[in-house]
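Student: I should like to understand how the descriptive terms for a structure are justified. May we go through them one at a time?

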Amino acid sequence: VFAVGAMATALALTVRSIYGLFLLCGDLVFVIIFPQLLCVVHLNFTNTYGSLCGYIVGVVLRICGGESLLALDPAIKYPYYEEATGLQLFPFRAFAMLCSFLTIILVSLLLKCQHC
């Protein structure tokens with residue numbers, strides 16, 4: 001709890017605008033929480049292991065896409081990446097969300113089939 005609180009405080013102090021922090025939080029909700037909420041509400045076969053794997057995949061793909069607000073350079077240069085400006089023109093946030101969603105489904109199905 002203290003570590004997460006310290007990270008949140010450091011993030012709030014380093015971000016230069018409240019609007020940027022708002023966009024970053026909305027982006028993280030879209031990439032991480034939306035696929036999990038969708039699976040919990042509409043797909044009864046998903047489980048905790050799929051959710052954890054989907055969370056990890058979503059966070060890794062989102063962070064590797066870079067974030068100009070936090071001065072994080074992209075580790076993954078998706079298609080249509082502009083070297084001159086450093087912009088990702090590919091919709092990598094939606095891609096990370098879809099990968100997270102598919103990971104939740106696939107891991108849940110794989111683990112369900114192993115228990116049959």
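The dialogue below takes up burial, contacts, aromatic pairs and pockets in turn.

Tutor: This is a predicted model, in which local features need pLDDT of at least 70 and side-chain atom pairs count only at pLDDT 80 or more, while totals for chains, interfaces and linings use all residues. Residues are numbered from 1 along each chain as its sequence is written, and side-chain values use heavy atoms, with hydrogens and water left out.

Student: Why is Arg-62 called buried?

Tutor: Buried means under 20% relative accessible area, exposed over 50%, and partly exposed in between (1.4 Å probe, protein chains only). Arg-62 has a relative accessible area of 4%, so the residue is buried.

Student: What makes the link between the side chains of Arg-62 and Asp-27 a polar contact?

Tutor: A polar contact is a pair of N or O atoms within 3.5 Å; within protein, one must be able to donate a hydrogen and the other to accept it, and residues adjacent in sequence count only if both atoms are side-chain atoms. The two side chains are joined by such a contact of 2.4 Å.

Student: Why is the pair of Phe-30 and Phe-34 called stacked?

Tutor: A search of the whole structure finds 5 aromatic pairs. In this one the ring centres are 6.1 Å apart and the planes are at 15°, so the pair is stacked. Rings of Phe, Tyr and Trp (its six-membered ring) pair if their centres lie within 6.5 Å; planes under 30 degrees apart count as stacked, over 60 as edge-to-face and the rest as tilted.

Student: How do you know that Phe-30 is partly exposed?

Tutor: Phe-30 has a relative accessible area of 32%, and therefore counts as partly exposed. Phe-34, at 36%, is also partly exposed.

Student: What makes the pair of Tyr-78 and Phe-95 edge-to-face?

Tutor: Their planes are 70° apart, with 5.8 Å from centre to centre. Tyr-78 lies in the loop between H3 and strand S1 (81-82) and Phe-95 in helix H4, so the pair ties together parts that are 17 residues apart in sequence.

Student: Why is Tyr-78 called buried, and Phe-95 partly exposed?

Tutor: Tyr-78 is buried because its relative accessible area is 8%, whereas Phe-95, at 33%, counts as partly exposed.

Student: Which residues of the lining of the largest pocket count as nonpolar, polar or charged, and how many are there of each?

Tutor: Ala, Val, Leu, Ile, Met, Phe, Trp, Tyr, Cys and Pro count as nonpolar, Asp, Glu, Lys and Arg as charged, and the others, Gly among them, as polar. The lining divides into 14 nonpolar, 2 polar and 2 charged residues.

Key: Helices (H or I, at least four residues) and strands (E, at least two) are DSSP runs, numbered from the N terminus.
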